[in-house]
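Biologist: Please show the model under discussion, so that it may be examined by question and answer.

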Amino acid sequence: MTSLEDVSLQLNNKISSIKRSLQLKSMGNDPSLATILQKIGLELASIQNSLDTFQAQILRQQTEMKSLKVWFCILFAKAINFYHKLKPFRQSWKVGISRILTWR
C-alpha cells in the first residue's frame, strides 16, 4: 500500500495536470474542447481514486494508532504493577548496594 506522501504527491500532480490543460487551451471555440474535457474528466476520476486511497490510508493509520494506545496502556499498567511488586526488595537492594560501595 502506498504512503500518504505518495498519495498526496499523486493528487498534486493530477491537479497540476488539469491546471496546465486549462492554461494551454482557450476554452472558447476551440475544436479540441471535447478532447480536453475528456482528459479533465479522466484526471478527475483519477483524483477521486487517489482521494479514496488517501482516506483508506488515514483510516488504517487511525486504527493502528488506537491499537498502539491500547498496547501502551496495557504495558504501562504492567510496568506499574511490577514496580509495586518490587517495593519490598528495593529497600534491601539499596542497603546491599551501599554496603558494596563502602566495602574496602
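Modeller: This is a predicted model. One may begin with Arg-60 and Glu-64, which both lie in helix H2, four residues apart, about one turn of the helix.

Biologist: How far apart are the closest N and O atoms of Arg-60 and Glu-64?

Modeller: An α-helix has 3.6 residues a turn, so residues three or four places apart point the same way. Arg-60 and Glu-64 are four residues apart in helix H2. They form a salt bridge, and the closest N and O atoms are separated by 2.5 Å.

Biologist: Is Glu-64 buried, partly exposed or exposed?

Modeller: Buried requires under 20% relative accessible area and exposed requires over 50%. The relative accessibility of Glu-64 is 40%, so Glu-64 counts as partly exposed. Its partner Arg-60, at 33%, is likewise assigned to the class partly exposed.

Biologist: How many salt bridges does a search of the whole structure find?

Modeller: Side chains of opposite charge can pair when their charged atoms come close. One such pair is Arg-60 with Glu-64, and another is Lys-14 with Glu-43, at 3.9 Å from N to O. The latter pair links distant parts of the chain, with Lys-14 in helix H1 and Glu-43 in helix H2, 29 residues apart. For the whole structure, the number of salt bridges found is two.

Biologist: Why does Glu-43 count as buried?

Modeller: The cut-off for buried is under 20% relative accessible area. Lys-14 has 22% and therefore counts as partly exposed. Glu-43 is buried because its relative accessible area is 15%.

Biologist: Which helices each supply at least two residues of the largest nonpolar core?

Modeller: In soluble globular proteins, nonpolar side chains tend to be buried together. The largest nonpolar core here has six residues: Val-7, Leu-11, Ile-18, Ile-36, Ile-40 and Ile-47. At least two residues of this core come from each of helix H1 (4-24) and helix H2 (33-85).

Biologist: With which residues is Ile-47 in contact, leaving aside its neighbours within four places in sequence?

Modeller: Ile-47 belongs to the largest nonpolar core, and it is among the buried residues of H2, which also include Ser-46 and Ser-50. With neighbours within four places in sequence set aside, the contacts of Ile-47 are Leu-11, Lys-14, Ile-15 and Ile-18.

Biologist: What distance separates the C-alpha atoms of Gln-48 and Leu-11?

Modeller: Gln-48 is found in helix H2 and, at 42% relative accessibility, counts as partly exposed. Gln-48 and Leu-11 are 37 residues apart along the chain, and their C-alpha atoms are separated by 9.0 Å.

Biologist: How far apart are the end C-alpha atoms of H2?

Modeller: H2 has 53 residues, and at 1.5 Å a residue it should span 78 Å. The model agrees with this expectation, because the end C-alpha atoms of H2 are separated by 77 Å.

Biologist: What is the area of the nonpolar surface patch made by Val-70, Trp-71 and Ile-74?

Modeller: Val-70 is found in helix H2. At 48% relative accessibility, Val-70 counts as partly exposed. Together with Trp-71 and Ile-74, Val-70 makes a nonpolar surface patch of about 300 Å².

Biologist: What pattern does the protein follow, read along the sequence?

Modeller: The protein has 104 residues, of which 13% are buried. Its secondary structure comes to three helices and zero strands. Read along the sequence, the pattern is α-α-α.

Technical notes. Residues are numbered from 1 along each chain as its sequence is written. This is a predicted model: local features need pLDDT of at least 70, side-chain atom pairs count only at pLDDT 80 or more; totals for chains, interfaces and linings use all residues. Side-chain values use heavy atoms; hydrogens and water are left out. A nonpolar core is a set of buried Ala, Val, Leu, Ile, Met, Phe, Trp, Tyr and Cys residues joined through side-chain atoms within 4.5 Å. Buried means under 20% relative accessible area, exposed over 50%, partly exposed in between (1.4 Å probe, protein chains only). Contact means heavy atoms within 4.5 Å. Patches are made of residues with over 30% relative accessible area and no salt bridge: like charges are joined within 9 Å, nonpolar side chains (Val, Leu, Ile, Met, Phe, Trp, Tyr) within 5 Å. Accessible areas come from the Shrake-Rupley method with a 1.4 Å probe; for residues, only the protein chains shown count as cover. A salt bridge is a side-chain nitrogen of Lys or Arg within 4 Å of a carboxyl oxygen of Asp or Glu. The expected span of a helix is 1.5 Å times one less than its number of residues.
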